[in-house]
Amino acid sequence: MKLAGLKSVENAHDESIWAASWIPATNERPALLLTGSLDETLRLWRPDELARVGAPLKGHSLGVVAVAAHPSGAVAASSSMDSFIRVFEVDSNASIATLESPPSEIWSMRFDPKGTMLAVAAGGSGSIKLWDTSTWELVATLAVPQPEGARPDKTGSGKFILSVAWSPDGKRLACGSMDGTIAVFDVARAKFLHHLEGHNMPVRSMVFSPVDPRVLFTACDDTNIHMYDAEGKNMAGAMSGHTSWVLSVDASPDGAAIATGSSDRTVKLWDISMRSAVQTMANHSDAVWGVAFRPPGGTGVRVGRLASVSDDKSISLYDYS
């Protein structure tokens with residue numbers, strides 16, 4: 001796999017762009033890129049020419065720090081430093097629900113593969129919160145325990161949860177904390193299983209392999225990307241190459257590669273079989289907060305797409321095949 005720069009949009013938002021997610025294609029339209037910014041707005045973009053779709057989407061009173069797309073492509077969610085999550089219809093921007101998750105902002109949230117639940121990394125509450133997407137009621141709070149002998153993190157209240165990821169079969173949830181520990185849960189039993197060790201700084205992003213429910217990739221401020229066997233509790237590999245915090249990670253739909261974004265201003269493409277970076281893209285002039293591979297599906301789709309967003313207010317789009 002090789003990336004080729006396709007298009008960049010400067011000043012795509014009025015302030016830093018900290019969140020990006022692809023909204024799957026529907027029968028009526030292709031996949032769309034959703035971005036969220038500290039300017040308190042969301043924007044939708046077409047997948048090839050990065051043309052803006054409609055007016056900016058509003059509804060938050062502070063900067064948007066996370067976005068998530070429902071697998072149906074019809075619904076999306078955004079979270080803000082105002083501690084609220086807004087759930088809305090993609091094509092009409094009509095509000096569906098407003099969810100509150102005090103006491104702090106939500107830095108990561110993900111719909112499960114079937115779209116029945118929304119998992120939220122609930123910051124200073126030290127937990128993952130689960131909402132039922134049919135009723136938008138809170139159905140579970142999974143408390144993250146401290147590892148034995150662990151020091152309290154900077155919040156002074158135990159865990160501060162930064163990132164969350166679903167396994168592709170929907171059976172496992174993982175979350176990353178400010179202190180670098182990673183917790184794995186059995187979703188059906190709402191049970192904590194174990195910690196994964198190896199990081200000792202904030203784990204800001206994580207993703208399971210789309211083709212192997214055991215494999216988890218994590219991005220950390222320690223400049224490393226780890227590959228874990230989330231069932232066996234083992235670290236399967238560690239990849240280094242960034243010179244500063246790794247802020248985001250996503251896996252290609254075929255599971256053969258991952259992409260990472262860093263505060264060193266670069267996007268890197270990593271070959272999983274080689275456990276090494278095979279390409280570095282330097283399209284951005286500031287920290288890269290989000291990388292997102294377009295999901296498969298949709299008519300007329302011949303090549304893959306990867307998007308990256310940055311503190312420099314720009315979006316870059318790459319193709320790969």
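**Group meeting: the chain and T260**

Of the 321 residues in this chain, 57% count as buried. Keep in mind that this is a predicted model.

Start with the fold. The chain has 28 strands and 0 helices. Its radius of gyration is 18 Å, close to the 20 Å that the globule rule gives for 321 residues, so the chain is as compact as a globular protein of that length. The C-alpha trace spans about 50 × 45 × 30 Å along its principal axes.

Now contacts. Take those between residues at least 6 apart in sequence. Of these, 45% join residues at least 24 apart.

Next, surface and charge. The accessible surface is about 12,700 Å². Carbon and sulfur atoms account for 48% of that surface. The chain carries 28 positive and 35 negative charges. How far apart are their mean positions? The answer is 3 Å.

Let me zoom in on one residue, T260. It sits in strand β23, which runs over residues 257-262. Is T260 buried or exposed? Its relative accessible area is 0%, under the 20% cut-off, so T260 is buried.

What does T260 touch, leaving aside its neighbours within four places in sequence? On the lower-numbered side, T260 is in contact with I225, H242, V246, S248 and V249. On the higher-numbered side, the partners are T266, V267, K268, W270 and V291. W270 deserves a second mention. Its side chain and that of T260 are joined by a polar contact of 2.7 Å.

To recap: T260 is a buried residue, placed in strand β23, with a side-chain polar contact to W270.

Conventions. Residues are numbered from 1 along each chain as its sequence is written. This is a predicted model: local features need pLDDT of at least 70, side-chain atom pairs count only at pLDDT 80 or more; totals for chains, interfaces and linings use all residues. Side-chain values use heavy atoms; hydrogens and water are left out. Helices (H or I, at least four residues) and strands (E, at least two) are DSSP runs, numbered from the N terminus. Buried means under 20% relative accessible area, exposed over 50%, partly exposed in between (1.4 Å probe, protein chains only). A polar contact is a pair of N or O atoms within 3.5 Å; within protein, one must be able to donate a hydrogen and the other to accept it, and residues adjacent in sequence count only if both atoms are side-chain atoms. Contact means heavy atoms within 4.5 Å. The radius of gyration is taken over C-alpha atoms; the globule rule is 2.2 Å times the number of residues to the power 0.38. Accessible areas come from the Shrake-Rupley method with a 1.4 Å probe; for residues, only the protein chains shown count as cover. Lys and Arg count as positive and Asp and Glu as negative; His and the chain ends are not counted. The place of a charge is taken as NZ of Lys, CZ of Arg, CG of Asp or CD of Glu.
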